[in-house]
Amino acid sequence: PPKGEDIHSTLKVPFETAARGGSQDVRLDRGGKIETLGVKIPAGIADGGVMRLAGQGEPSHRGGPPGDLLLTIQIQPHAWFRREGNNLLLDVPLTPAEAALGTKVEVPTLSEGKVFLTVPPGTSSGMKLRLRGKGIVDPQSHQPGDQFVVVKIVVPKELSGEQKTLYEKLQGLDASPRSSLW
């Protein structure tokens, strides 16, 4: 006898659950009856990935096995992190002085909470600093990706008199970064 129909549905998963794995409830309407299924989300599942739950689809009308439930995963965005493959990206704002002189900043990770990162002197905006092994675990190889801290230099919108004087002094001392371009 033929198998029952497959059910296709979308499951919205929090960013951290998709990265670390966990469980999520799925509600299904089966002929007017609401049924809740607990679904185990594997660590590292990608946005758009499909999970197949065998036998959880529509029953067969001719006595065959039930169909499958196919869940397309939709990962909800995170407040701070972005994902590129198994790597995480995190934007971190720095003052011009912190970027020029170097500093230590505390940054969040998904795996270990907050850690300190050393920003080397002379760091430019857009530079990526790597935290090895602090990304998302690959579902096949079980190897973690990396976390990249993307530097964003933030210039104050309003300057005090002293800040303006110091920036004007620096402007007179600095060589133009465009001098060798054209």
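In this predicted model, T123 is a buried residue, since its relative accessible area of 4% falls under the 20% limit that separates buried residues from the rest. T123 belongs to the loop that runs between β9 (113–119) and β10 (128–131). Within that loop, a polar atom of the side chain of T123 lies 2.5 Å from the backbone oxygen of P120. When the neighbours within four places in sequence are set aside, T123 is in contact with A99, V151 and I153. The last two of these residues can be placed in the fold directly, because strand β11 is the run of residues 147–153, and A99 can be placed in α2, which spans 96–101.

The strand that follows this loop leads into a sheet. β10 takes part in an open sheet of 4 strands, ordered β6-β7-β11-β10, in which the pairing is mixed. Its edge strands are β6 and β10, each of which pairs on one side only, and the twist from one strand to the next averages 30°. As a general matter, the strands of a sheet pair through backbone hydrogen bonds, in either a parallel or an antiparallel sense. At the β10 edge, β10 and β11 pair in the antiparallel sense over 4 bridges, and within this pairing L129 has V149 in β11 as its bridge partner.

At the opposite end of the strand order, β6 (residues 81–84) is paired with β7 (residues 87–94), again in the antiparallel sense and over 4 bridges. R83 stands opposite L88 of β7. These two strands form a hairpin with 2 residues between them, and G85, which sits in the turn, has a positive phi of about 65°.

A second hairpin is built from β2 and β3, likewise with 2 residues between the strands, and here G31 takes a positive phi near 60°. Strand β2 covers residues 22–30 and strand β3 covers residues 33–41, and the two run antiparallel, joined by 9 bridges. One of the pairs in this ladder brings G22 together with I41, its bridge partner in β3.

Another open sheet, this one of 3 strands, has the order β1-β5-β4 and mixed pairing. Because β1 (7–13) and β4 (50–53) each have a single partner strand, they stand at the edges, and one side of each is left without a neighbour in the sheet. Neighbouring strands of this sheet are turned against each other by 30° on average, with direction ignored. The pairing of β1 with β5 (residues 69–75) is parallel and rests on 7 bridges, with I75 in β5 serving as the bridge partner of V13.

From the strands we can turn to the empty space around the helices. What volume does the largest pocket have? The value is about 390 Å³, and the residues that line this pocket are P96, A97, A100, L101, V155, Q163, L166, Y167, L170, Q171 and D174. Two helices, α2 (96–101) and α3 (161–173), each supply at least two residues of the lining, and α3 gives the most, with 5 residues.

Several residues outside the helices and strands complete the picture. H142 is found in the loop between β10 and β11, and its phi is near 65°, a positive value in a residue other than glycine. This deserves a remark because most residues other than glycine have a negative phi. H142 counts as exposed, since its relative accessibility of 58% is over the 50% limit for that class.

Further along the chain, K157 lies in the loop between β11 and α3, and with a relative accessible area of 85% this residue is exposed. K157 and D47 are separated by 110 residues in sequence, and their C-alpha atoms are 37 Å apart in space. Beyond the last helix named here, A175 has its place in the segment after α3. A175 also counts as exposed, at 68% relative accessibility, and its C-alpha atom is separated by 26 Å from that of K104, which is 71 residues away along the chain. In contrast to these exposed positions, T123, with which this account began, is buried at 4%.

Terms used
Residues numbered from 1 in each chain as written. Predicted model: local features only at pLDDT ≥ 70, side-chain atom pairs only at ≥ 80, totals over all residues. Heavy atoms only, no water. Buried < 20%, exposed > 50% of the residue type's maximum accessible area, 1.4 Å probe, protein only. Polar contact = N/O pair within 3.5 Å; in protein donor to acceptor, adjacent residues only side chain to side chain. Contact = heavy atoms within 4.5 Å. Pairing = 2+ DSSP bridges. Axes fitted to C-alpha atoms, helices over the stretch in contact; angles between N-to-C directions. 1 Å grid on protein atoms, 1.4 Å probe; cavity = no way out; pocket = protein on both sides within 12 Å on 5 of 7 lines; lining within 4 Å. Points joined across faces, edges and corners; volume = space filled by probe spheres on them.
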